[in-house]
Amino acid sequence: MAKVLINEQLIDEQDAKVSYEDRGYVFGDGVYEYIRVYDNKLFTVKEHFERFLRSATEIGLDLEYSVDALIELCRELVACNDIKNGGVYIQATRGVAPRDHAFPNSDVKPVIMAFTKSYDRPYQDLENGINAITTEDIRWLRCDIKSLNLLGNVLAKEAAVKYNAKEAIQHRGDTVTEGASTNVLVVKDGKIYTHPVNNYILNGITRRVIKWVAEDEGIPFVEEAITTDFLKEADEVIVSSTSVEVMPVIKVDGESVNDGKVGPITKQLQEGFDRYIRSHSI
């Protein structure tokens with residue numbers, strides 16, 4: 001039986017419970033991360049937990065954990081559940097307290113929970129590409145925090161599903177921000193364009209790896225706002241995340257991206273990403 005981690009205790013999944021007064025449940029008052037496992041190793045886990053602690057700090061949540069301590073907890077859970085390829089979801093909430101919008105007193109301690117799942121890499125989609133739609137970005141203005149408040153993302157993803165697409169590319173007015181659960185990168189004339197890191201997007205770990213690969217390969221990586229028109233005139237479109245990796249988009253709103261085939265720079269980035277899996281997994 002799989003184990004779930006709750007406050008450093010490994011518990012059988014059937015016995016893992018959440019209090020009805022947990023602030024993550026009643027307010028979405030917490031933060032989370034998702035870490036990929038390849039061949040029993042954690043990929044870019046240091047970067048993930050640095051972001052996890054940053055997100056917690058941004059909402060005034062003191063977790064009293066170091067990055068190394070979180071890595072060890074994560075390793076223990078992966079080993080216990082014998083995860084060869086898959087992922088680890090971890091979240092921290094502000095704790096259990098009577099429902100009140102204001103923060104509870106300092107006696108209330110955060111609740112940290114984590115679980116694992118096994119699955120293989122999305123090889124077919126990585127080779128053939130996926131369809132996406134565009135939709136207005138209705139989320140709050142602190143998208144740089146990886147918070148539990150994901151209703152806007154959920155509604156965007158559901159819109160994609162209704163149109164037989166796998167991702168919704170969001171925009172504020174004419175400015176492309178990011179996907180419902182991904183970052184968005186556009187290739188035009190041999191250059192990669194993507195929204196700059198600020199409060200409108202999450203600084204994705206896979207986005208960072210793509211930037212590293214681009215630097216290795218001498219591909220210009222331009223961090224500036226792009227428009228929906230620029231998106232639809234792209235030579236290649238990519239969405240990236242821990243789960244989907246470097247994912248080519250071959251159609252946007254039913255229209256083919258360029259010739260509707262996975263482009264050469266996307267393939268180059270995918271090959272570079274594979275190299276980083278080998279060098280940045282521990």
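**View 1. Polar contacts across the domain boundary.** In this predicted model, 9 residue pairs (both at pLDDT 80 or more) are in polar contact between domain 1 and domain 2. On the domain 1 side, helix H1 (23–27), strand S3 (30–38), helix H2 (45–58) and strand S5 (86–93) each put at least two residues up against domain 2. S3 chips in the most, with 8 residues. Sorted by class, this face of domain 1 comes out as 10 nonpolar, 8 polar and 7 charged residues.

**View 2. Zooming in on a salt bridge, Glu58 with Arg142.** Here Glu58 pairs up with Arg142, and their closest N and O atoms sit 2.8 Å apart. How many salt bridges are there between domain 1 and domain 2? The count is 2.

**View 3. The two domains side by side.** The domain assignment splits the protein into domain 1 (3–118) and domain 2 (123–280). Put a point at the C-alpha centre of each domain, and those two points are 26 Å apart. Where the domains meet, 25 residues come from domain 1 and 22 residues from domain 2.

**View 4. Tyr32, Phe43 and Arg51 at the buried surface.** Interface size is often quoted as the accessible area lost when the parts come together. For domain 1 and domain 2 that buried area is about 1,900 Å², with carbon and sulfur atoms giving 60% of it. Which three residues supply more than any others of the area that domain 1 buries against domain 2? They are Tyr32, Phe43 and Arg51, which supply 34% of that domain 1 area.

Note on methods
Residues are numbered from 1 along each chain as its sequence is written. This is a predicted model: local features need pLDDT of at least 70, side-chain atom pairs count only at pLDDT 80 or more; totals for chains, interfaces and linings use all residues. Side-chain values use heavy atoms; hydrogens and water are left out. Domain bounds come from an automatic or database domain assignment. Contact means heavy atoms within 4.5 Å. Buried area is the accessible area (1.4 Å probe) that two parts lose on being put together, summed over both. A salt bridge is a side-chain nitrogen of Lys or Arg within 4 Å of a carboxyl oxygen of Asp or Glu. A polar contact is a pair of N or O atoms within 3.5 Å; within protein, one must be able to donate a hydrogen and the other to accept it, and residues adjacent in sequence count only if both atoms are side-chain atoms. Helices (H or I, at least four residues) and strands (E, at least two) are DSSP runs, numbered from the N terminus. Ala, Val, Leu, Ile, Met, Phe, Trp, Tyr, Cys and Pro count as nonpolar, Asp, Glu, Lys and Arg as charged, and the others, Gly among them, as polar.
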